[in-house]
Amino acid sequence: MASGMQGDGLRQRRRIFLKTALAGAGTMLLGGCLGSSLGSLPGDQVQPGAQPQVTGEVIGTGGVRVGLLLPLASAGGNASIGTVFKNAASLALQNFPSADVQLLVKDTGGTAEGGRAAAQAAISEGAELILGPVFSPAVAGAAQAARATGVPVIAFSTDTSVAARGVYLLSFLPETDTKRIIGYAASQQKRSYAALVPEGSYGAVVEAAFRQEVGRTAGRIATIQRYKLNGSDTSDLVAKAGSLKSVLTSVDALFVPAGSGVPSVVVQTLVGQGANLGNVKLLGSGQWDSPQIKNNPALAGAWFAGPEDKGFLAFAQRYQSTYGSAPPRNASLVYDGVTLAAGLIRSAGQQRFEQRILTNRDGFIGIDGLFRFQSNGLNQRGLAVYQVTGKGAQTIAAAPRDFRTGF
């Protein structure tokens with residue numbers, strides 16, 4: 001890897017090269033921060049006649065096949081997620097018309113068996129990379145099939161237990177949000193914390209990251225309260241929030257990572273009990289990135305960590321105009337996944353999906369900003385910090401644009 005001014009120049013040229021390759025995506029570029037080892041090899045064209053016959057839906061007409069595994073017919077309303085993700089994949093190729101990609105769309109049903117069968121079908125039809133699945137059981141099933149053939153998987157689940165070598169998660173991971181917001185709070189002289197986290201796997205991951213980051217920044221944890229949510233029953237949440245009143249006089253910040261209606265219930269409960277929140281900074285996670293929270297005057301002044309929003313807003317406008325509805329926040333994941341695949345095909349030639357390419361330490365820039373995959377399958381993201389205004393949210397700490405200069 002080149003160093004000094006020469007290395008900076010090479011990295012800049014690589015970034016420009018990929019931006020040129022992805023020019024059809026307009027402002028929603030996924031430019032690779034790729035090291036000099038990649039070079040600018042042409043995409044390896046695969047002659048369609050040499051490939052197995054495809055069954056099922058196909059998006060794109062390129063020569064390189066990529067499996068797109070989604071829950072298109074799963075129970076419990078999850079099929080709508082699959083449809084949104086498929087739409088976002090189509091939009092990525094519409095905005096990148098020169099992409100040498102052919103997406104083989106396969107239904108997982110959201111299950112382990114469905115994920116395994118979908119991956120096997122895509123790989124048997126020539127897929128060199130798997131994008132998806134969305135849900136962790138299907139990811140685990142797909143990983144079994146892909147691992148046997150050496151085909152890498154870039155999945156959209158937030159369950160870190162399914163990540164592994166060759167199975168990479170592109171999703172927004174709760175530990176990354178937690179480390180970013182606590183790290184920022186510490187930089188603003190917050191030293192003593194209370195936390196209110198849900199029981200379950202999400203809460204366990206968040207709590208572990210919270211403890212680690214508070215310790216790293218030499219902070220103090222006064223208390224961690226864990227609550228149960230049973231459907232719409234918030235009685236345990238209200239009880240645990242109320243128990244924090246006596247602690248708030250001795251802490252600088254209260255961490256409430258869960259989104260939806262949880263932060264509002266917590267604040268209402270504490271204010272209703274006469275708690276003084278004036279000197280306590282309320283902290284949240286990427287789950288707070290919703291109009292319900294950002295437009296709530298009761299939460300004005302609170303901080304939360306999340307991905308860049310400018311790229312997503314542009315993507316959401318295009319999605320709305322194309323499909324007639326607003327996309328969920330995580331729909332950008334599949335857009336970035338498709339664009340990443342197309343960019344690597346264009347820039348990395350036959351090496352395109354090798355581990356050393358996918359885990360390049362400089363990472364990539366997508367709709368949601370800077371990200372990179374680690375060899376264990378997890379990801380790191382450059383996140384911004386936002387302040388709730390009650391009429392939206394404003395950026396108070398920008399997301400880093402380079403892993404070398406900030407994270």
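## Talking through the predicted model

Colleague: Happy to look at this with you! Where do Y319 and Y323 both lie?

Modeller: In this predicted model, the two tyrosines Y319 and Y323 sit four residues apart, about one turn of the helix. The element that holds both of them is helix 10 (residues 310–323).

Colleague: And is their aromatic pair stacked, edge-to-face or tilted?

Modeller: The structure holds 13 aromatic pairs, and Y319 with Y323 is one that has 4.8 Å from centre to centre. Planes under 30 degrees apart would count as stacked and those over 60 as edge-to-face. The planes of Y319 and Y323 are 50° apart, and the pair is tilted.

Colleague: Let's turn to the sheets. Which strands are the edge strands of the seven-stranded open sheet?

Modeller: The order of that sheet is 9-8-10-11-12-16-17, with mixed pairing, and its twist averages 25° from one strand to the next. An edge strand pairs on one side only. The two are strand 9 (220–227) and strand 17 (393–397).

Colleague: Within that sheet, which residue of strand 12 does G284 stand opposite?

Modeller: Strand 11 (residues 281–284) and strand 12 (residues 303–306) run parallel and are joined by two bridges. Opposite G284 in strand 12 stands F304.

Colleague: At what angle does helix 7 run to strand 9?

Modeller: Helix 7 (residues 235–242) lies across two strands, namely strand 8 (192–198) and strand 9. Its angle to strand 9 is about 160°.

Colleague: Good, now the six-stranded sheet. Which residue in strand 7 does A155 stand opposite?

Modeller: This open, mixed sheet has the order 2-4-3-5-6-7, with strand 2 (58–59) and strand 7 (167–169) as its edge strands. Three bridges join strand 6 (residues 153–155) to strand 7, and the two run parallel. The residue opposite A155 is L169.

Colleague: Which strands does helix 3 touch as it packs on the sheet?

Modeller: Helix 3 covers residues 112–124, and its direction makes about 150° with that of strand 4. The strands touched by helix 3 are strand 3 (64–70), strand 4 (101–107) and strand 5 (129–131).

Colleague: One last thing, the largest pocket. Which residues are the closest to its centre?

Modeller: About 750 Å³ of space lies in the largest pocket, and its lining has 12 nonpolar, 11 polar and five charged residues. Helix 5 (174–187) and helix 6 (201–216) each supply at least two residues of that lining. Of the 28 lining residues, the closest to the centre are T158, S171, F172, Q287 and N330.

Terms used
Residues are numbered from 1 along each chain as its sequence is written. This is a predicted model: local features need pLDDT of at least 70, side-chain atom pairs count only at pLDDT 80 or more; totals for chains, interfaces and linings use all residues. Side-chain values use heavy atoms; hydrogens and water are left out. On a 1 Å grid over the protein atoms alone, a cavity is a set of points where a 1.4 Å probe fits but cannot get out, and a pocket is an open set with protein on both sides within 12 Å along at least five of seven lines; lining residues have an atom within 4 Å of a point. Grid points are joined across faces, edges and corners, and a volume is the space filled by probe spheres set on the points. Ala, Val, Leu, Ile, Met, Phe, Trp, Tyr, Cys and Pro count as nonpolar, Asp, Glu, Lys and Arg as charged, and the others, Gly among them, as polar. Two strands pair if DSSP finds at least two bridges between them. Axes are lines fitted to C-alpha atoms, for helices over the stretch in contact, and angles run from 0 to 180 degrees between N-to-C directions. Contact means heavy atoms within 4.5 Å. Rings of Phe, Tyr and Trp (its six-membered ring) pair if their centres lie within 6.5 Å; planes under 30 degrees apart count as stacked, over 60 as edge-to-face and the rest as tilted.
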